[in-house]
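Colleague: I've got this one open on my screen and could use a hand. Could you walk me through it, question by question?

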Amino acid sequence: MVGMTGRQLAKTRVYLDWNATAPMRPQAKAAMLQAMDLQGNPSSIHAEGRAARKIIEDARANIAKALGARSADVVFTSGGTEANALALMPGLHRDRDVATRLIVSAIEHASVRSGGRFPVEDIQTAPVTPAGVVDLERLRALLADGAPALVSVMLANNETGAIQPIAEIAELVHAAHGILHVDAVQGFGKIDIDINKLGADLLSISAHKIGGSKGVGALVLTERVTGFEPFITAGGQEKGRRGGTENLPGIAAFGAAVAAHLETGAAAMARMQKLRAKFEAGLRAVTPELVIFSSDVPRVPNTTLFAAPGMKAETAVIAFDLEGMAVSSGSACSSGKVHASPVLTAMGVKPEVAQGAVRLSLGWDTTEAEIQYLLEAWISLSNVLVKGTDAVA
């Protein structure tokens, strides 16, 4: 696509759904193929086993470095969903405090809203503001009304991109003798993360959001937390915290993707911010009545969730697709069907507006030409999707 502009891209595809999944980085593919050629089991003590083990530990070290964590605290899982479910268990200790109930924000991923291993009666929901940020005063009141709680709040919302005030939330939670879990799946690779500066006690990430392979993730279980009980106990892998032979090729790809991000991530994040500003201004210029959700609070630099009066999300996603652009109506974790967004519902967005919400999310190699094509296409698409006419011959 180098050197191509505007409508010259019409015969190719423009991928604008990076929040659903990112393409694998070349470094991750190479590392995955190399790991596939290894014969050893990472738990074996012979030379082949040690070679496999080294790949896993190198990947663990890369991930720990990117998060400001200790390598020993990184537990590999099958993805972000498992990492979240693994974290949400009653009986976790922080110092002498034991979490016996769960508080989740109203905008969490389904894997968190389901409550993990907590019974339904022990789960409470913390509301958010109309901007899509956790209401700190309401959270404070929930924390004060009951026993110590495990609180789960995502770092960045998968639909709006809104960044949550995690450090402030951590202060509230710890002051109430609680424990804080952070789902950082959508923040990892898009903003700088230091688990200690955030104050998180547990943190979940996923490989395929940062250019690794699907089916791999990690839970960072800090030394501040004890009382952890794994789902799978057989085998003793991951220091007894997650049994089963590790996914060596997937973990190798994960580590390589994180290493690539450590080298180029800052520049990529700045470029995505610039591109997003360009296309948001362009969308508004064509459709002044367009709404961009959470635009008045900090967001990850690659994400825009927007709607326009009269637009239907399902129709819009298909229309963008026919124009050669992959976009989303929000979360990709609901079997491809368009439903009312729990995130926008929690923000108090009117149903007639929420039903038209479309998400555009960029990545490290999104080009200015692709953004220009998006803006050119929106001129004709908006006539159909918003105005209900086809003004372009």
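Colleague: Why is strand β10 (residues 217-221) largely enclosed by the rest of the structure?

Modeller: Quick warning before that: this is a predicted model, where local features need pLDDT of at least 70, side-chain atom pairs count only at pLDDT 80 or more, and totals for chains, interfaces and linings use all residues. Residues are numbered from 1 along each chain as its sequence is written, and side-chain values use heavy atoms, with hydrogens and water left out. Strands here are DSSP runs of E, at least two residues long, and helices are runs of H or I, at least four, numbered from the N terminus. Buried means under 20% relative accessible area, exposed over 50%, partly exposed in between (1.4 Å probe, protein chains only). G217, L219 and L221 point one way from β10, with A218 and V220 pointing the other way. The strand is largely enclosed because the number of its residues that are buried is five of the five.

Colleague: Which residue of β10 stands opposite V74?

Modeller: Strands count as paired if DSSP finds at least two bridges between them. Strand β2 (residues 74-77) runs antiparallel to β10, joined by four bridges. β9 (residues 202-206) also pairs with β10 in the antiparallel sense, over five bridges, and there S204 has L219 as its bridge partner. As for V74, the residue opposite is V220.

Colleague: Which residues touch the most other members of the largest nonpolar core?

Modeller: A nonpolar core is a set of buried Ala, Val, Leu, Ile, Met, Phe, Trp, Tyr and Cys residues joined through side-chain atoms within 4.5 Å. The largest one here has 66 residues, and helix α8 (residues 248-286) gives the most to it, with eight. The members touching the most others are L203 and F254.

Colleague: Which strands stand at the edges of the open sheet with the order β4-β3-β11?

Modeller: This sheet has three strands with antiparallel pairing. Two bridges join β3 (residues 93-94) to β11, and H93 has T226 as its bridge partner. Two of the strands each have a single partner, so one side of each is left without a neighbour in the sheet: β4 (97-98) and β11 (225-226).

Colleague: How wide an arc do the buried residues of helix α9 cover around the axis?

Modeller: In α9 (residues 313-322), the buried ones are A313, A316, A319 and F320. The arc is that of the directions from the helix axis to the C-beta atoms. They sit on the same side of α9 because they cover an arc of only 125°.
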